[in-house]
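Here are my notes for you, written as numbered points. Keep the structure open while you read them.

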Amino acid sequence: MLILITYDVSTVDREGRKRLAKVAKKCVDHGQRVQNSVFECILDSTQFRRLKYELEELIDKKEDSLRFYNLGDNYKKKVEHMGAKEAYDMESPLIL
């Protein structure tokens, strides 16, 4: 299923900048960045629960926020793109 993850991490201090880097790295490990703080991730339900837990452990709930949008398995009809930085198809074969 396609999960859209968005986040807003406070970067007013050094700890916040560290949290931001950790959240971004965790998201990069599971999907593709489509905008600065927006990632598309193809995950099954177990992977999604694990990633949610791991991200929750990284943020400061008093200062930061995470949002998860479950677009399901039939997401290709739900996502429309305009402009630069066309995303790649994460479910197609990778050819090296």
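1. Start with the fold: the protein chain has two helices and four strands. Both come from DSSP runs, numbered from the N terminus: H or I over at least four residues for a helix, E over at least two for a strand. Follow the sequence and you'll meet them in the pattern β-α-β-β-α-β.

2. A word on what you're looking at: this is a predicted model, where local features need pLDDT of at least 70 and side-chain atom pairs count only at pLDDT 80 or more, while totals for chains, interfaces and linings use all residues. Residues are numbered from 1 along each chain as its sequence is written, and side-chain values use heavy atoms, leaving out hydrogens and water.

3. Next, contacts (heavy atoms within 4.5 Å). Take those in the protein chain between residues at least 6 apart in sequence: 66% of them join residues at least 24 apart.

4. How much of the chain is buried? Of its 96 residues, 28% are, where buried means under 20% relative accessible area (1.4 Å probe, protein chains only). The accessible surface of the protein chain, by the Shrake-Rupley method with a 1.4 Å probe, is about 7,100 Å², and carbon and sulfur atoms hold 50% of that.

5. Finally, the cysteines. A disulfide is a covalent bond between the sulfur atoms of two cysteines; here the test is a pair of cysteine sulfur atoms within 2.5 Å. The structure holds zero. Why does C27 have no such bond? Because its closest cysteine sulfur, in C41, is 5.9 Å away, which is too far. C27 is buried at 0% relative accessibility, and C41 is buried with a relative accessible area of 0%.

How values were computed:
Buried means under 20% relative accessible area, exposed over 50%, partly exposed in between (1.4 Å probe, protein chains only).
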